[in-house]
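Got your viewer open? Let's take a walk through this model, one selection at a time.

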Amino acid sequence: MAKRTDTQSPATHAADRHDLIRVHGARENNLKDVSIELPKRRLTVFTGVSGSGKSSLVFDTVAAESQRLINETYSSFVQGFMPNVGRPEVDVLDGLTTAIVVDQQPMGADPRSTVGTATDTNAMLRVLYSRLGKPHIGGPAAFAFNVPSVKAAGAITVEKGNKKAVKATFSRTGGMCPRCEGRGSVSDIDLSQLYDDSKSLSEGAFTIPGWKSDSFWTVRVYAESGFVDPDKPIRKYTKQEMQDFLYHEAVKVKVDGVNLTYEGLIPKVQKSFFSKDRDALQPHIRAFVDRAATFTDCPECEGTRLAEGARSSKIKRKSIADLCRMEIRDLAEWVRGLDEPSVAPLLTALRHSLDSFVEIGLGYLSLDRPTGTLSGGEAQRVKLIQHLGSSLTDVTYVFDEPTIGLHPHDIQRMNSLLLRLRDKGNTVLVVEHKPETIAIADHVVDLGPGAGTAGGTVCYEGTLEGMRKADTVTGRHLDDRATLKDTVRKAEGKLPIRGAKTHNLRNVNVDIPLGVLCVVTGVAGSGKSSLVHGSLVNDPAAAEAGVVSIDQSTIRGSRRSNPATYTGLLEPIRKAFAKVNGVKPALFSANSEGACPNCNGAGVTFTDLGFMQSVSSPCEECEGKRFQASVLEYHLGGRDISEVLTMSVDEAEEFFATGEARIPAAHRILQRLSDVGLGYLTLGQPLTTLSGGERQRLKLATHMGEKGGVYILDEPTTGLHLADVEQLLGLLDRLVDSGKSVIVVEHHQAVMAHADWIIDLGPGAGHDGGKIVFEGTPAELVEAGSTLTGEHLAEYVKG
């Protein structure tokens, strides 16, 4: 090696001066001209109350601009196939590096998407079996449940020289089970939910939502098709009539001189309801689908999704289906026992992928687990797997609350992974509320002081110790500790669960107390959700008790959706406007007759620039108000409809409480929004601009209006700031005091400490869990200290 001959220390190289990410004048969403400098190759945690602007700064400004600049390096042709990312509202962004976003967005609920396919682990197993499986049945596609087997034969004409017809055959061996088409389950339709067989079609036999007796396209096409007698009760149909009624292939029939398509009821209902994304359906349609469809494991492949050939090929007496059903930590051990030099590089990559699952705390999952069943925290950690062991350095990793869904016992493991990414020379930006993760930060940025319009400024940036002394909301609450109750409520009944075996539950028997705040806890993967959602929600006794389940599924909504439309608040307001002014309610909907004709009620117009980002600008005709000018001449309590939609929830609650604008139905909804801490939201704010925590609380407020005796909440502290947790506990207390029973699946120690009764599952995850390891009061759990939850809760309450 060459030796240095100079004795003086060299001047700093010009390339080493770029050690900061500089943000100047950020105005995205509610940010108020924010300017900040973030250190590179350090771990920076962003905190602040929910809605203070954390995601707007980290995701919508820094990460969005990095990804936009990278997209611009591709050719125009390639950019045409990529999502258009607009330039964020910011004056200067300097020092950016490639951003890798690891967020909580669902990984897709496609029935063929599994943990194995999402992480490419399945692809490696398919290659392994195509090389080593006995008997040999084909290439990797022969083990893929997304690839059907294809056979074809016929004549093809080759157009070169003299045209000549040539006989050709084609075949491809795929691994898809032909019966369930790779879904693993088959659906049967409960015919009693489609019609009342004691009635005739003319008597209104159909019980399908929206199928009215005078409907030209549905009911009348059956009644006047000529295939069945419309005046005969369905139960008296002949065998042929029943066949035509339920399964007839599509044919043209004439109804009142109009050509319409008639097809059997089963295929028609499957196309109209069951082939659509369940989550995208309206609530009453979704309830019908849930009632009418029953899903069972495919009898042909036994739920493995694979064709018989793929299941017959084995390595060490294990088929690929057997491996995909194993817990990943057990599978990792099995793969370590393989010694095949011919596929050594493949085995090395496969071992690394499986070990990453175990290292990140997901060893209890199996590769055949559908991605749609993963919680937000699990999905985020699955996405993180591909980045562990990556050779990339000087990358900016952006995380959105990576500790969601993690027991205090598991948070330490996640912290060590974040530090490992940083120590490889990467910049790590984390949006987080948990004190345990804030504690490992090199740099802390606190946004606030409030939420919505009251936030959007940097209240503090610096070290953790400095924030403890700073007079900010986060600084004041960082060392908060909930105390155990002196007295707890007594149960007023119980919901018994007997012999629960969903997923990893081991024949669990437990009584859920009613009339109290009951917390179900345990390490990630211990069986909490299986017990509550798998066994309790679907239980007939729970249905009688009026269970309202509020889970972590996302709110679907476009830019036109807002809190007023989602909660049903706009309906009574539109009717009140119509009544006072003597006009139709439809005029006061920006999606109907009252919409501005220039922007179609969107409030903005878009200019398409081809492969470049479309430019949006406020509509010149309605000035962004979304309504026709004539509609804005109608008033209620001195306000027009556009002014009402710009009100905050707190303003609107006061406005609709008294006087001419008094609307009790609207006031009740607004009170619920205020109760869950969303008083700062404006009624017309697009749902697409809400943070994850805001969306979940919006859903909670909506469900609170339902008539139910038992509320089940799945980690309601998700996205909540330390200061907001106190308000949530007050809300839970009010629900219980009003006569409701509240069951909370939760890891947050403050919620555990506040509970009247705790059910702790464990002792571990996967096949190490599935048992009740403690039932009792929080005080008894702390005193016993016999479980991981008990140890962490004792440490928490003692400070």
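Start by selecting Glu302. Is this residue buried or exposed? Its relative accessible area is 54%, and the cut-off for exposed is over 50%, so Glu302 counts as exposed. You'll find Glu302 in the loop between strand E11 (293-297) and helix H9 (308-312). Now check the backbone: phi of Glu302 is near 60°, a positive value in a residue that isn't glycine. Why stop for that? Most residues other than glycine have a negative phi.

Next, jump to Glu715. Here phi is near 50°, again positive in a residue other than glycine. Glu715 sits in the loop between strand E24 (710-714) and helix H26 (722-737). Is Glu715 buried or exposed? With 9% relative accessibility, Glu715 is buried.

Before going further, colour the chain by pLDDT. This is a predicted model, so that colouring tells you how confident the predictor is in each residue. The mean for the protein chain is 86, and 93% of its residues reach 70 or more. Which element has the highest mean? Select strand E3 (residues 43-47), at 97; the lowest, 62, belongs to helix H19 (residues 540-545). Then pick residues 4-9: pLDDT stays under 50 there, and the model gives this stretch one contact beyond four places in sequence. Where pLDDT is low, don't read the predicted coordinates in detail.

Now for a pair of helices. Show H4 (residues 121-132) together with H12 (residues 344-359). Their axes come within 10 Å and cross at roughly 145°, and H4 passes H12 in a left-handed crossing. Turn on side chains to see who meets whom: from H4 you have Thr121, Met124, Leu125, Val127 and Leu128, and facing them from H12 are Leu346, Leu347, Ala349, Leu350, Ser353, Leu354 and Phe357. What kinds of residues make up this contact? Ten are nonpolar, two are polar and none is charged.

Follow the chain out of H4 into the loop that leads to strand E6 (150-158), and select Pro135 there. The peptide bond from Lys134 to Pro135 is cis, with omega near -5°. There's another stop of this kind at Pro449, in the loop between strand E16 (443-448) and strand E17 (457-462). Gly448 and Pro449 are joined by a cis peptide bond too, with omega about 0°. Most peptide bonds are trans.

Back to helix H1 (residues 54-71), where you should select Ala64. Ala64 is buried, with a relative accessible area of 13%. What does Ala64 touch, apart from neighbours within four places in sequence? Phe59 and Val85 are its contacts. For a sense of distance, draw a line from the C-alpha atom of Ala64 to that of Leu246: the two are 182 residues apart along the chain and separated by 52 Å.

Last stop: helix H29 (residues 788-797). Highlight Thr789, Gly790, Leu793, Ala794 and Tyr796, which are buried. Look down the axis, and you'll see that they cover an arc of only 160°, which puts them on the same side of H29. An α-helix has 3.6 residues a turn, so residues three or four places apart point the same way. What covers the buried residues of H29? Bring up strand E20 (517-522), helix H27 (749-754), strand E26 (757-762) and helix H28 (778-784), which are among the elements covering them.

Terms used:
Residues are numbered from 1 along each chain as its sequence is written. This is a predicted model: local features need pLDDT of at least 70, side-chain atom pairs count only at pLDDT 80 or more; totals for chains, interfaces and linings use all residues. Side-chain values use heavy atoms; hydrogens and water are left out. Buried means under 20% relative accessible area, exposed over 50%, partly exposed in between (1.4 Å probe, protein chains only). Helices (H or I, at least four residues) and strands (E, at least two) are DSSP runs, numbered from the N terminus. The arc is that of the directions from the helix axis to the C-beta atoms. Contact means heavy atoms within 4.5 Å. Axes are lines fitted to C-alpha atoms, for helices over the stretch in contact, and angles run from 0 to 180 degrees between N-to-C directions. A crossing is left-handed if the near helix is turned anticlockwise from the far one by less than a right angle, and right-handed if clockwise. Ala, Val, Leu, Ile, Met, Phe, Trp, Tyr, Cys and Pro count as nonpolar, Asp, Glu, Lys and Arg as charged, and the others, Gly among them, as polar. pLDDT is the predictor's confidence in each residue, from 0 to 100.
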